[in-house]
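I sat down with a coffee and a new model to look through. Here are my notebook entries, in the order I made them.

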Amino acid sequence: GWVFLNQRRPEDAGRQFAQVVRDTAGDAAQATLHAAALNDFVRAYADFGQVGKAWAAFGKLDADRAPTMYAALAALYLDQGKSDKAIFALRQLLAAAPGHADVCRWQADVARATLALPGATLDDKAAEIARLAALWGALRKTTQLPADARTDCRDDAAAMAGELARAWHSEGVKTKDPAVLAAADRLYGAYLAEFDDAAD
């Protein structure tokens, strides 16, 4: 499989990795190889598969690990700069597992991918960041998130909403562009709603 990947033949690699997954399924002695083949299948799939069919494809290989594989696929898409595919996958994860400990990170990644997405409007970008801030607002009142995830969630939401609100405000004052000022206003609102105790 790795020979095929190195030869830029991802579909052939995917078939090889899938065969290893099937051959090692249920064999405790082969658990490490099974897990590695699943990870490698995701890597190959990122180069040949359709994001809309990934959930079903992963479920056929290993239903228990399909959500983890799908999260890995989203991360690969982000690393590869495939923002549109990453956003699709992350939104599906958010819908399928709203109680997962990584929901805030997934939404932060959606926001980052939207910022990098060609064709995304300022309104699109502000909307995803506002969703992240609102998600933090909902999650901070629960014990759903582990301590480190809570810190990351708060920091990501505060940084994205606060810093971009100020940056877009500054740009809007200079350019007099109403779309930029509207986006800044939306993020100021999101920031003030969730971080009214912040020093700034």
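The entries below go from the whole chain to its largest pocket.

**Entry 1, the model.** I noted at the start that this is a predicted model.

**Entry 2, the fold.** I looked up the elements and found 10 helices and zero strands in the chain. Reading from the N terminus, I wrote the order down as α-α-α-α-α-α-α-α-α-α.

**Entry 3, dimensions and packing.** I checked the C-alpha trace, which spans about 60 × 40 × 20 Å along its principal axes. The chain has 200 residues, and I see 40% of them counted as buried. I then took the contacts between residues at least 6 apart in sequence, and 54% of these join residues at least 24 apart.

**Entry 4, surface and charge.** I found that the chain exposes about 10700 Å², with 53% of that area supplied by carbon and sulfur atoms. For charge, I have 23 positive and 27 negative side chains on the chain. The centres of these two sets lie 4 Å apart.

**Entry 5, the largest pocket.** I got a volume of about 150 Å³ for the largest pocket. Which helices each supply at least two residues of its lining? I found helix 2 (10-24), helix 3 (31-48) and helix 4 (51-61). Helix 2 gives the largest share, with five residues. I listed the full lining as well: E11, G14, R15, A18, R22, F41, Y45, F48, A57, K60 and L61.

Methods. Residues numbered from 1 in each chain as written. Predicted model: local features only at pLDDT ≥ 70, side-chain atom pairs only at ≥ 80, totals over all residues. Heavy atoms only, no water. Helix = DSSP H or I, 4+ residues; strand = E, 2+ residues; numbered from the N terminus. Buried < 20%, exposed > 50% of the residue type's maximum accessible area, 1.4 Å probe, protein only. Contact = heavy atoms within 4.5 Å. Areas by Shrake-Rupley, 256 points an atom, 1.4 Å probe, with all protein chains shown as cover. Lys, Arg positive; Asp, Glu negative; His and termini not counted. Charge placed at Lys NZ, Arg CZ, Asp CG, Glu CD. 1 Å grid on protein atoms, 1.4 Å probe; cavity = no way out; pocket = protein on both sides within 12 Å on 5 of 7 lines; lining within 4 Å. Points joined across faces, edges and corners; volume = space filled by probe spheres on them.
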